[in-house]
Amino acid sequence: MVILHRLGRELRDLLDLLLPPACLLCGAELRRSGRGGLCPACRAGIFPIPASCCPRCALPYATEDGSAHLCEGCLREPPPFASVAAAGLYEEALRLAIQRFKYRGAVDLQGVFADLLAETLERSGATRPDLPVPVPLHSGRQRQRTYKQSLLLARTLGKHHAVPFDGRLLMRIRATPPQQGLKLREPRRNLKGAFALTGPLEGARILLIDDVLTTGATARECGRALLAGGAAEVRVAVL
């Protein structure tokens with residue numbers, strides 16, 4: 001067994017010599033420690049959520065030295081999820097990476113993203129979920145994209161946490177227009193009744209996974225469906 005492990009390591013070293021690993025965003029050559037990931041410059045372009053933010057929905061506040069307190073939206077209408085863990089702000093390197101992953105078929109980024117989410121969840125002190133659940137796409141939208149980016153993330157993260165995975169538990173049963181460009185209250189009306197469960201949850205702690213959180217309307221509707229189906233708790237993880 002030791003010999004096989006040593007041979008495998010030597011083979012990886014030889015492959016790195018012949019075909020050096022490259023950054024998945026900019027193509028820069030990586031050292032072995034950065035194998036299959038991002039170069040230091042691209043990682044530096046991922047800006048974390050400021051410490052001054054809403055502890056419930058992770059909305060960043062304008063002032064960096066503000067104390068942790070609920071935002072107006074969470075005070076007026078508490079969301080059906082306990083917290084949001086976000087790997088970073090939707091800017092620069094992270095925005096570019098998400099757009100490539102979501103629209104340009106860069107599925108090789110799923111491992112990098114799953115690592116980012118796992119690190120974010122570990123820093124937040126979140127307990128291990130019973131079940132990672134991806135925010136679903138409607139079947140028509142999936143045919144356009146050919147794959148579900150949230151499902152890839154949830155499956156990889158499930159392996160990381162060594163927990164079961166069911167990509168068809170939460171389904172989008174009604175096609176809805178894209179959320180972008182809708183006015184303040186329209187996203188919620190747009191998604192009303194769009195999600196349903198295919199089975200009971202029986203007190204499971206759910207980690208709801210998506211790529212981006214904007215207004216939070218999608219996470220709210222999914223959270224309501226999951227709690228109505230028997231979930232004990234819903235937490236959200238997004239890039």
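## Helix α5 and its surroundings

The buried residues of helix α5 are covered by elements that include α2 (40–44), β1 (84–86), α4 (92–103), α7 (149–161), β5 (205–210) and β6 (233–238), where helices (H or I, at least four residues) and strands (E, at least two) are DSSP runs numbered from the N terminus. This is a predicted model, in which local features need pLDDT of at least 70 and side-chain atom pairs count only at pLDDT 80 or more, while totals for chains, interfaces and linings use all residues. Residues are numbered from 1 along each chain as its sequence is written, and side-chain values use heavy atoms, with hydrogens and water left out.

The buried residues of α5 (under 20% relative accessible area, 1.4 Å probe, protein chains only; exposed is over 50%, partly exposed in between) are Val112, Phe113, Ala114, Leu116, Leu117, Ala118, Thr120 and Leu121. Leaving aside neighbours within four places in sequence, phenylalanine 113 is in contact (heavy atoms within 4.5 Å) with Leu94, Ala97, Ile98, Phe101, Leu153 and Leu239. Just after α5, glycine 125 takes a positive phi of about 75 degrees.

A search of the whole structure finds zero disulfides, a disulfide being a pair of cysteine sulfur atoms within 2.5 Å. The table gives details for two cysteines.

| Cysteine | Nearest cysteine sulfur | Relative accessibility |
|---|---|---|
| Cysteine 42 | cysteine 39, 3.7 Å | 11%, buried |
| Cysteine 53 | cysteine 54, 7.2 Å | 15%, buried |

For cysteine 42, the distance of 3.7 Å to the sulfur of cysteine 39 is too far for a bond, and cysteine 53 is likewise in no disulfide.
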